[in-house]
Amino acid sequence: MSMPASSSRYESSRRRGPSLDVAVVGGGMVGAAAALALARAGSATALLEARAPAPWSPRDDVDLRVVGLAPSSIGLLDELGVWTSIRTSRASPYAHMHVWDAATGAAIHFDAAQEGRDLLGYIVENNLVQWRLWDALEAAGVRRICPAQVTGYEVLDDRVQLSLNGADTDAVSARLLVAADGAASPLRTMAGIGTTGRDYAQRGVVAHVQTERPHDGTAWQRFLDTGPLALLPLADGRSSIVWSLPEDEAQRVLALDDKAFFNELGVASDFRLGRIIGATARAAFPLRLQLAETYQAERFVLLGDAAHAVHPLAGQGVNLGLRDVAELRDTLVAARDAGSDIAATHVLRRYARRRRSEDTLDALGFDALARIYAWQASPLVAARGLGVRLIDKLSPVKRRLAEHAAGL
């Protein structure tokens with residue numbers, strides 16, 4: 001049916017939306033970083049997100065969700081022009097990390113000075129990083145389409161057409177579609193990409209706690225028979241905990257009154273920072289290992305949690321996602337400079353092969369570590385303790401572990 005002449009131009013424009021180099025779906029830390037990185041690299045980019053993040057304010061309490069940013073991530077955020085504002089807002093540097101086994105007492109201590117560095121990383125609130133990235137998008141030329149929900153997409157000869165709901169345009173056209181829409185990724189499902197992995201049948205209980213003794217700019221992690229407990233240093237002197245527990249135990253711990261919670265957490269942490277004397281409300285999230293079977297389809301790639309979800313014991317989830325961003329940017333820039341279509345199959349395959357290989361090794365390594373620390377048989381526990389002590393004494397091995405965690 002033909003449209004009235006007076007409205008056809010407007011309606012046609014509204015249907016098609018902007019023509020872009022890249023459309024990034026998902027405005028979390030990884031998606032926003034990808035949109036900003038690609039725009040700064042010269043690509044016409046749009047970011048599509050269902051809900052804009054709440055503005056970060058120093059008057060608000062520290063977000064329960066925190067991330068340990070490795071030097072590789074800090075370097076990328078600095079390149080994108082947002083790191084200084086993050087660091088000076090509310091970020092906690094740490095120069096030491098102490099990891100020990102409750103069953104054997106075996107420990108590994110990482111010291112930035114021994115690695116020839118000032119710091120191992122920073123503990124930063126998720127919403128602070130997300131807000132600073134989001135706030136930088138407009139000035140970089142990224143078109144923020146929000147609210148917007150992608151209801152489907154179609155691959156054409158030289159681009160992808162996205163169908164939208166809830167936005168000021170019905171469709172967006174781009175040469176490349178980047179899915180950064182989380183572990184449940186509807187776009188991954190639309191692309192027909194499956195996943196492998198396992199459910200840990202655990203939850204990570206999170207809270208911010210005040211302790212008798214200062215955290216001394218140190219990240220602490222104790223491996224218990226129920227799962228690892230991390231105490232991460234916050235800028236205000238408190239520590240953020242991530243306590244991995246079986247489902248039933250997590251629910252029990254969430255229901256404890258403050259006095260009982262303080263006592264159980266103190267025991268679990270071996271009172272390394274003294275007694276627990278205060279805490280925020282608690283929350284929990286499910287733990288799962290999940291890897292996409294491939295990171296690419298026709299004119300389509302996956303980033304961040306849409307591609308990989310890992311156990312939080314190494315604190316590397318967001319760092320892996322930001323390494324995806326850097327690899328994708330560099331791959332697309334190289335293709336453009338060589339005169340290639342940035343979304344050509346061979347270009348996307350290069351990105352997907354490199355990142356899936358590295359992410360898989362990391363994810364399976366974290367999974368293996370979780371399995372090793374779940375050992376209960378006495379001979380296996382003794383062997384584990386011996387292995388930890390050997391690694392702590394073998395400087396080259398320990399240095400390589402630290403460099404890998406740093407993304408160096």
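How much space lies in the largest cavity? I shall come to that after a few words on the model.

This is a predicted model, in which local features need pLDDT of at least 70 and side-chain atom pairs count only at pLDDT 80 or more, while totals for chains, interfaces and linings use all residues. Residues are numbered from 1 along each chain as its sequence is written, and side-chain values use heavy atoms, with hydrogens and water left out.

The chain has a mean pLDDT (the predictor's confidence in each residue, from 0 to 100) of 89, and 89% of its residues reach 70 or more. Over residues 1-16, however, pLDDT stays under 50. Where pLDDT is low, the predicted coordinates should not be read in detail.

Now to the cavities. On a 1 Å grid over the protein atoms alone, a cavity is a set of points where a 1.4 Å probe fits but cannot get out, and its lining residues have an atom within 4 Å of a point. Grid points are joined across faces, edges and corners, and a volume is the space filled by probe spheres set on the points. The search of the whole structure finds two cavities of 30 Å³ or more.

The answer to my opening question is about 70 Å³. Among the residues lining this largest cavity are Arg 90, Glu 125 and Asp 236. Strand 4 (91-94) and strand 7 (121-125) are the elements that give two or more residues to that lining, and strand 7 gives the most, with three. Strands here are DSSP runs (E, at least two residues), numbered from the N terminus.

The second largest cavity holds about 40 Å³ of space. Its lining consists of Gln 221, Pro 228, Ala 230, Val 242, Ser 244, Pro 312 and Leu 313. Here, strand 14 (227-233) and strand 15 (239-246) each give two or more residues.

I turn finally to strand 10, residues 160-165. Val 160, Leu 162 and Leu 164 point to one face and are buried, that is, under 20% relative accessible area with a 1.4 Å probe, protein chains only. Gln 161, Ser 163 and Asn 165 point to the other face and are not buried.

Strand 10 pairs with strand 9 (residues 149-155) in the antiparallel sense over six bridges; pairing requires at least two bridges found by DSSP. Gln 161 is the bridge partner of Glu 154. With strand 11 (residues 171-179), strand 10 also runs antiparallel, joined by four bridges, and there Val 160 has Ala 174 as its bridge partner.

Methods:
Buried < 20%, exposed > 50% of the residue type's maximum accessible area, 1.4 Å probe, protein only. Contact = heavy atoms within 4.5 Å. 1 Å grid on protein atoms, 1.4 Å probe; cavity = no way out; pocket = protein on both sides within 12 Å on 5 of 7 lines; lining within 4 Å.
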